[in-house]
Amino acid sequence: MASKSTQDKGDLKSIFHDPDHYIKSFGVYAQASAKYQVLANWGENVFSEVVAEKLQVNIADGEAFRALGVGVGSGEMDTKMMCKLRNRYPLISNIAVEPAAGQIKLYQDLATKMAVKLNGITTDWRKQGLDEFRRSKVESGDTTKYHFISSIHSLYYVDDMEDTVKWLYEQLEDGGMMLIITVSDDSGFWRLWNRYKLFEDQLLRFCNSEHIREACSKQKIPFTNYKQKSRVDITDSFEEGNVDGQLKVDFLAHVVDFHSTASPALQQELLEYLGGPECSERRDGEVLFDNDWDAVIVTK
């Protein structure tokens, strides 16, 4: 159900318009979610079983395994996946697409610290969004295909999600695999976004894992879905004046400075919804947001 709020859309700006604020709010949210280490553990453990060990690509002697990562952020997940792939493929050429310069810098610093573990992996960082990367690839006549493609929470920021899934699949080599991670269709994130459609704008279009699965089915793209339970402590979001709590709300709503740009009525309404059973569970005095996400694994 969509929100009935009369909030003026002109007062609200999606967080993607302000990369620095995005990094700040995401950093606070990620630190809270890291308490449970769900995404990191998935990359460390499950990824090997469902992707790295199942790849069936033919690599000639001396040829590099080609990987494309979209929305790589600060590199924590991407480096874990590259290390797992390196166990099978000693040479990897990795293109890392990320629109936020600050995130790329963090990834580069991490890669420097992990130089020994990442030996044999060459990374080409591209400060671009997915649509921009796609246009530049087409305009330059680059026909390179990839053995592995990952899209981690990046399909919310493309012009046409369904067409983008089709295009990414076309970029896979035969035998290659693609990993698409988005919020689950029954997660607190999706319920929040689906209720407050007014938070969308030309740079942000909400979608969930069911939309990805439907896009794949429609185009007869084979896939397997893996659901991952995840919770994030947002208790401090209900403490008046708590800066970290406000930043978490900014990231959840994907709105810049929500506490100062949204009307008091909308702020109260959203916080009540965030803390309610549709989005969160309460345990030992903590408010734990339902951050469930799905991994859609595509094989070509």
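What is the volume of the second largest pocket? The answer is about 260 Å³. Keep in mind that this is a predicted model, with an average pLDDT of 91 across the protein. Here's a quick tour of that pocket, of two buried serines, and of a few residues in loops.

**How far to trust the model**

- Going by pLDDT, 94% of the residues score at least 70.
- The start of the chain is another story: over residues 1–6, pLDDT stays under 50.
- For residues 1–6, the model has 9 contacts beyond four places in sequence.
- Low pLDDT is a cue not to read the predicted coordinates in detail.

**The second largest pocket**

- With its volume of about 260 Å³, the second largest pocket is lined by 15 residues.
- If you want to find its centre, look for Ser 237, Gln 246, His 259, Gln 267 and Leu 271, the closest of the lining residues.
- Three helices each put at least two residues into the lining: α9 (243–253), α10 (258–261) and α11 (264–275).
- Which helix gives the most to the lining? That's α9, with 4 residues.
- Sorted by class, the lining comes out as 7 polar, 4 nonpolar and 4 charged residues.

**Ser 25, in helix α1**

- You'll find Ser 25 in helix α1, which covers residues 19–33.
- Is Ser 25 buried or exposed? Ser 25 is buried, because its relative accessible area is 0%, and buried means under 20%.
- Leaving aside residues up to four places away in sequence, Ser 25 touches Ile 15, Leu 247, Asp 250 and Phe 251.
- Two of those names link back to the pocket section by number: Leu 247 and Asp 250, both touched by Ser 25, fall within the range of α9 (243–253).
- Closer along the chain, a polar atom of the Ser 25 side chain lies 3.1 Å from the backbone oxygen of Tyr 22.
- For a sense of distance, the C-alpha atoms of Ser 25 and Val 183 are separated by 18 Å, and the two residues sit 158 residues apart along the chain.

**The loop between β4 and α6**

- His 153 and Ser 154 are both here: His 153 is in the loop between β4 (146–152) and α6 (161–170), and Ser 154 lies in the loop between β4 and α6 too.
- His 153 has a positive phi of about 50°, although it is not a glycine.
- His 153 is partly exposed, at a relative accessible area of 26%.
- Ser 154, on the other hand, is buried, with a relative accessible area of 7%.
- What does Ser 154 touch, not counting residues up to four places away in sequence? Its partners are Val 70 and Gly 71.

**Two more loop residues**

- Gln 128 sits in the loop between β3 (121–126) and α5 (130–139).
- At 13% relative accessibility, Gln 128 counts as buried.
- Setting aside residues up to four places away in sequence, Gln 128 touches Val 97, Glu 98, Pro 99, Phe 133 and Ser 136.
- Asp 284 belongs to the loop between β8 (280–283) and β9 (286–290).
- Asp 284 isn't a glycine either, yet it has a positive phi of about 55°.
- Asp 284 counts as exposed, since its relative accessibility is 78% and the cut-off for exposed is over 50%.

How values were computed. Residues numbered from 1 in each chain as written. Predicted model: local features only at pLDDT ≥ 70, side-chain atom pairs only at ≥ 80, totals over all residues. Heavy atoms only, no water. 1 Å grid on protein atoms, 1.4 Å probe; cavity = no way out; pocket = protein on both sides within 12 Å on 5 of 7 lines; lining within 4 Å. Points joined across faces, edges and corners; volume = space filled by probe spheres on them. Nonpolar A, V, L, I, M, F, W, Y, C, P; charged D, E, K, R; others polar. Buried < 20%, exposed > 50% of the residue type's maximum accessible area, 1.4 Å probe, protein only. Contact = heavy atoms within 4.5 Å. Polar contact = N/O pair within 3.5 Å; in protein donor to acceptor, adjacent residues only side chain to side chain. pLDDT = per-residue confidence, 0-100.
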